[in-house]
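Reader: I would like to go through this model with you. Please give me the reasoning behind each label.

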Amino acid sequence: MGDEDWEAEIINPHVSSYVPVFEKDRYSSGANGDTFNRTPSSSSEMDDGPSRRDHFMRSGFASGRSLGNRDAGEPNKRENTSTMGGFGGGKGFGNRDNEFDQDEGMQRTSGLFGSRRPALRGTGSGDTSQSRSGSGSGRGGYKGLNEEVITGSGKNSWKSEAEGGESGDIQGPKVTYIPPPPPEDEDSIFAHYQTGINFDKYDTILVEISGHDAPPAILTFEEANLCQTLNNNIAKAGYTKLTPVQKYSIPIILAGRDLMACAQTGSGKTAAFLLPILAHMMRDGITASRFKELQEPECIIVAPTRELINQIYLEARKFSFGTCVRAVVIYGGTQLGHSIRQIVQGCNILCATPGRLMDIIGKEKIGLRQIKYLVLDEADRMLDMGFGPEMKKLISCPGMPSKEERQTLMFSATFPEEIQRLAGEFLKSNYLFVAVGQVGGACRDVQQTIFQVGQYSKREKLVEILRNTGDERTMVFVETKKKADFIATFLCQEKISTTSIHGDREQREREQALGDFRCGKCPVLVATSVAARGLDIENVQHVINFDLPSTIDEYVHRIGRTGRCGNTGRAISFFDPDSDNHLAQPLVKILSDAQQDVPGWLEEIAFSTYVPGFGGSTRGNVFASVDTRKGKSTLNTTGFSSSQASNPVDDESWD
Ligand SMILES: Nc1ncnc2c1ncn2[C@@H]1O[C@H](COP(=O)(O)OP(=O)(O)OP(=O)(O)O)[C@@H](O)[C@H]1O
């Protein structure tokens, strides 16, 4: 079923069991949190309209707080969008304009290096502007795959609030959202979930380290010789044993070396860089930073999504508890003034999304001269065509120490070789490369199942699965923002408590959705790839790829939302032969590398779509792709990301 069909069905549902979502919300906190589904009185609106379509147009769906509605206050709004209101971020039902059809992941092939993002263009509002889609002319911000909005190019385009970044008249409404402060009590700061039954199996994962003069791995936290406060925090966080990526990365970072580390999802990469950085800071006798208009942090950490950078910040706050190190987080979709207020109070570790970081640097609230550590989490994403230009600008900003003078650290579960080569520009030539297990491999604690399901059968299959999973927490990934809303609404109609997260939702809604999912109020979260990377949510037992992503790396990240830290999880993917055949070959490899059953039909498709040079399944060839400096085989789990790269400009989603 194509998007057109989804729309048609929601507007003019033909299924007899259809009940409008705004009558159904007693069952669910709904696809959009506190919106339509808590409006039982709206049933009357149902009855007096001449058509279902009119109900949607007249009902709360067009109110600006309704499902996916991004139209309120949108300048230059297209007429049909405004009359339709609601779903899909201003992409009105039935609108067949190409522009409106572009969405985060409509395209099935990836751009160069797997990017769906074009090079920067124009002057955008960046992440200073409200998260909205639709016409939005003059807004160059990108919200696509799993990323934040990027500002326009050049320093002059790092528009701040005062300069028009948020308040300029072509920029859309000013962002006023101030995220609630995280709880300050110690129990909340150190809240954690238990490692799983397979945690000890991490010890058996092969690790390869390449580069010269690598320091030996450590086997225990004690060997790291950290200060007492850090050790206390590690204990309070419930960490008793190092994960492999920590065993290798901590001594490397403590030795002052640059590092590119690739380790499976959920295996503790965040602590692997935070702990040694904090240890360095403590050893260097860092002094508490004070209120100053210009802050000069020692460390900058960047990550591609707002929720992820916030999570990293919470980890930094946890491990620096009781020290004078102050971590600050800034990200798009929130009030710029709020970010500035956080920074001026003192900042040693700045956790930021790229767009907001460049805005703040442009406003001269952050000076870079003291930077000793630059961390790129989800580094392959941070260096691809989407964020790469922004990261290059960052390292060439006035004051930024050269790569010889700073320590640069890159972490991810996937590292396409093309991106590794790009990374060289950021790293000292003697950087070390740590590969834990198969580069880009899937976590073996996730049981992967692939069903062959055509578009028209996907919803039925989804409901069937969700009925069997009960209240177990499940993330359902779809390919477009619009479809995320459709599916979330559909599940609410089916009395399955569901919420959704995607790039067209306002930040407040995104955080509410994540909160509802985390606490179990909505055990099902429908998400686009914006939630694919890094998110660490307790008790996510299932990931369902309702739509498969366009690249195998994205698949690896998505399924990595479950089966974390030695816990087990399940991932079910709907493979549609009409659109997913290009993934058959890399999927077979991922499955066989992770010692999963490979369906015969998938092998057949993989065989029939064989691409010479990919290399096929290489079970046992654990380090088929590692450090590109070795000039080894080009086999990697990204499969076709470069060889079949499409024009990235065709392959993005702007709004
Ligand atoms: N040594 C440890 N002992 C116990 N728990 C740990 C340890 N290291 C990390 N964890 C926990 O494991 C979980 C996953 O860690 P983290 O989010 O850093 O994984 P990751 O490798 O960055 O995953 P992803 O690739 O998805 O970003 C977190 O809840 C973290 O607190």
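Reader: Which residues does UniProt list for "domain: DEAD-box RNA helicase Q"?

Author: The unreviewed UniProt entry lists residues 219-247. Positions follow the numbering used here, feature names are shortened, and such annotations may be inferred rather than shown by experiment. The span is 45% helix and 0% strand. Its end C-alpha atoms lie 6 Å apart. Helices (H or I, at least four residues) and strands (E, at least two) are DSSP runs, numbered from the N terminus.

Author: Two notes on the source. Residues are numbered from 1 along each chain as its sequence is written. The model is predicted, with local features needing pLDDT of at least 70 and side-chain atom pairs pLDDT 80 or more, while totals for chains, interfaces and linings use all residues; side-chain values use heavy atoms, without hydrogens and water.

Reader: How many residues surround the ligand, and which are the closest?

Author: The ligand is surrounded by 21 residues. The closest are Y239, K241, K269, T270 and D536. A residue counts as near if one of its heavy atoms lies within 4 Å of the molecule.

Reader: What makes the K269 pair a polar contact?

Author: A polar contact is a pair of N or O atoms within 3.5 Å; within protein, one must be able to donate a hydrogen and the other to accept it, and residues adjacent in sequence count only if both atoms are side-chain atoms. An N or O atom in the K269 side chain is 2.7 Å from a ligand oxygen. That distance meets the cut-off, so the pair counts. A polar side-chain atom of R561 lies 2.9 Å from a ligand oxygen. For G268, a backbone N or O atom is 3.2 Å from one.

Reader: Why is R533 called buried?

Author: Buried means under 20% relative accessible area, exposed over 50%, partly exposed in between (1.4 Å probe, protein chains only). R533 has 3%, so it is buried. R533 sits in the loop between β12 (524-527) and β13 (540-545). Its side chain makes a polar contact with the side chain of E378 at 2.9 Å. The R533 side chain also makes one with the side chain of D380, at 2.9 Å.

Reader: Why is C299 not bonded to C351?

Author: A disulfide is a pair of cysteine sulfur atoms within 2.5 Å. The C299 sulfur is 7.2 Å from that of C351, its closest cysteine sulfur, so the two are too far apart for a bond. By this rule the count is 0 disulfides.

Reader: Is C324 buried, exposed or partly exposed?

Author: C324 is at 31% relative accessibility, so it counts as partly exposed. C299, at 0%, is buried.
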